[in-house]
Amino acid sequence: MLIVSGIPVSSGVAIGKAYILAHALNEVEPYTITQKNITNEIKRFNQAIKQLKSELLSLKKELKKNKMGEYGSFIDVQLAIINDPKISKNPLELIKKSKQNAEWSLKVQMEEIINKFNSIENSYIRERKNDIYQVCETLIKYLIGHESKQLSSDKNRIIVAHDISPADALKFKNSNNIAFVTDIGGTTSHTAILAKSINIPSVVGTQNAKNLISNGDNLIVDGDHGCVIINPTDEVINEYKLKQNLYELESKKLLSLQKLTSKTIDKVSVNLYVNIEDTNNTEPVMENNTKGVGLFRTEFIFMDKHRMLDENEQFTIYRNLTKALPNKIITIRTLDSGGDKVIEHMPNTNQNPALGLRAIRFCLAEPDVFITQMKALLRASHYGNIRILIPMLSSNNELRQVKLLIERAKDILTSERKKFNSKTLIGGMIEVPAAAIDAESFASQLDFLSIGTNDLIQYTLAVDRTDDAVSHLYDSSHPALLKLIKGVIDAGTKAGIEVSLCGEMAGDPKLTKLLIGIGLTNFSMHPSSLLKVKKVILESEFSKLKSKAKKILNTHDKIEIENLINNLNN
């Protein structure tokens, strides 16, 4: 029996057989193509490109059908890479020039691209090489014939790989796979986010699990403690079967909480909202007795269409949301493109997209785009309780410009005699440290605030959350971050406006009591986290949490903070 440790990213216990995903790039060997076979080799390469495109597009349709359209953005990134001439065309020239086989030519081209990425000083851009690596790995699997034999019909498979692409993770969801184990990755990697969302126990960042595990090995994956047990004894298997049964029983019990109102033991109301990306996944909003939608990400509707949408197209989408969610609050965030969310209309030329022309900065630079979206949102607000959320505000000057453009949109609608709600609430997303520090000023000028913790942590701690080398520094209980969050909540309370929190923190039940203790009463999260968080709320006593949370806020040592949070939860 051997135990491998990694990073726990999706809770639960899985017991099954190891299924090793082949590392196709390691198996590629060059061989010479005769002049008369070059045409066939080019055809073989083009067929692999066509096959991958077709599979990704089919997967995207399947996601929409299964009301998982929000994951389409992962597919869009891979489609964009495939369509890049450096991947789809340059290898063809290498085949002709060097008379080498297609998979070798693709590998040579990939290595050239990745070497250029490695020389880039900026870590955000440098780490985008992983997306290219994953696309080329899949194409090579097609070329060497791995894909056809990659998956068997065995049940209770535990996928073990160096890494798993988002597309593969989504494909595996509907197969006989019960857990993921990878050598690389962190808590905010695509694999981690997907595993958590589809409720598959997963451990990432094990470093060498793939080398230690053989196909068919008996495995236990403990998604709560981040360990993988290789060929466990019967006694250990029986112990984990008991844990597995208890976990499944607990999951069934959670369903009984769906219709309950979210209140603490001492009757403090805590509002739960849902984060969604399209109009096909609104059921959790109604089924779980939530307050409504805390974050509708409009950039995904543009990414889905691969173009900018006109006013009427956008209006129809927002109007459909109000039809699907009558009497619910619907918070719609204006276009938040940039970073890892790229829209074809907007070529990403920033050296660091996370700090470049993105979100409201782009909208202010392209006022026509912003006014078009604002007109559509204001028109839809006539039919339901829509609130408009402005992302990535960092200064009062930006806010003044935003308000002027909103008034301009209202004037145009009035002149066009189109109905809209002139009192639509306008809120700001607090995800930049400057905005968090100056929260009182923003709170005095806006109708509500929403704390975007994913970016706020990244910017506050100077940590790229997608970079495995520093992902361990991405700390949602860092004392500086907790103080910023507390300051924003206090600013909202002083101004008499609602403050909500979204991002991974909102859906982490280990942090729920702490956040309630510092005064947060509005949480917005992925549907998969709703009932776990609601359970913690129902078991909490606000009056007792305040003093304990205050002690945590006054603590600066990471280990001591973790111990205090554990004590708070126990």
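Okay, let's start with a pair of strands: S3, which covers residues 13-20, runs parallel to S4, and four bridges link the two. One thing to say straight away is that this is a predicted model, so please keep that in mind throughout.

If you want a spot to look at in that pairing, go to Tyr19, which sits opposite Ile159 of S4. Now, S4 has another partner as well. Strand S5, residues 177-182, pairs with S4 in the parallel sense too, over five bridges. There you can pick out Ala161, whose bridge partner in S5 is Thr182.

So which way do the residues of S4 point? Arg157, Ile159 and Ala161 go one way, while Ile158 and Val160 go the other. And whichever way they point, all of them are buried. That's five of the five residues in S4, residues 157-161, so the strand is largely enclosed by the rest of the structure.

Okay, next topic: two asparagines in loops. Some background for anyone new to backbone angles: most residues other than glycine have a negative phi. Asn289 has a positive one, near 55°. You'll find Asn289 in the loop that connects helix H12, 283-287, with strand S10, 292-297. Is Asn289 buried or partly exposed? Its relative accessibility is 32%, so Asn289 counts as partly exposed.

The other one is Asn327, with a positive phi near 65°. Asn327 is also in a loop, this one between helix H14, 311-324, and strand S11, 329-333. With a relative accessible area of 81%, Asn327 is exposed.

Let's move on to an annotation. The UniProt record, an unreviewed entry, puts a "binding site" feature at Glu431 and Asp455. They're spread over 25 residues of sequence, yet they cluster in space, with a largest C-alpha distance of 5.5 Å.

Let me take those two in turn. Glu431 is in the loop between strand S13, 426-430, and helix H18, 433-437. Being in a loop doesn't put this one outside: Glu431 is buried, at a relative accessible area of 3%, where the cut-off for buried is under 20%.

What is Glu431 in contact with, leaving aside neighbours within four places in sequence? The list is Pro391, Met392, Gly452, Asp455, Leu456 and Tyr459. Notice that Asp455, the other position in the UniProt feature, is in that list. Met392 is worth a look too, since the side chain of Glu431 reaches its backbone nitrogen at 2.6 Å.

As for Asp455, that residue is in helix H20, residues 453-461. Asp455 has 6% relative accessibility, so it counts as buried.

Last stop: Ile485, in helix H21, residues 479-495. How accessible is Ile485? The relative accessible area is 0%, so Ile485 is buried. Setting aside the neighbours within four places in sequence, its contacts are Ile451, Thr453, Leu456, Leu501, Met505 and Ile518. You've heard one of those names already: Leu456 is in contact with Glu431, and with Ile485 as well.

And to get a feel for distances, try Ile485 and Ile75. They are 410 residues apart in sequence, and in space they're 33 Å apart, C-alpha to C-alpha.

To recap the places to click on: S4 with its partners S3 and S5, the loop residues Asn289 and Asn327, the UniProt positions Glu431 and Asp455, and Ile485 in H21. That's it from me, thanks!

Key:
Residues numbered from 1 in each chain as written. Predicted model: local features only at pLDDT ≥ 70, side-chain atom pairs only at ≥ 80, totals over all residues. Heavy atoms only, no water. Buried < 20%, exposed > 50% of the residue type's maximum accessible area, 1.4 Å probe, protein only. Pairing = 2+ DSSP bridges. UniProt positions renumbered as here; feature names shortened; annotations may be inferred. Contact = heavy atoms within 4.5 Å. Polar contact = N/O pair within 3.5 Å; in protein donor to acceptor, adjacent residues only side chain to side chain.
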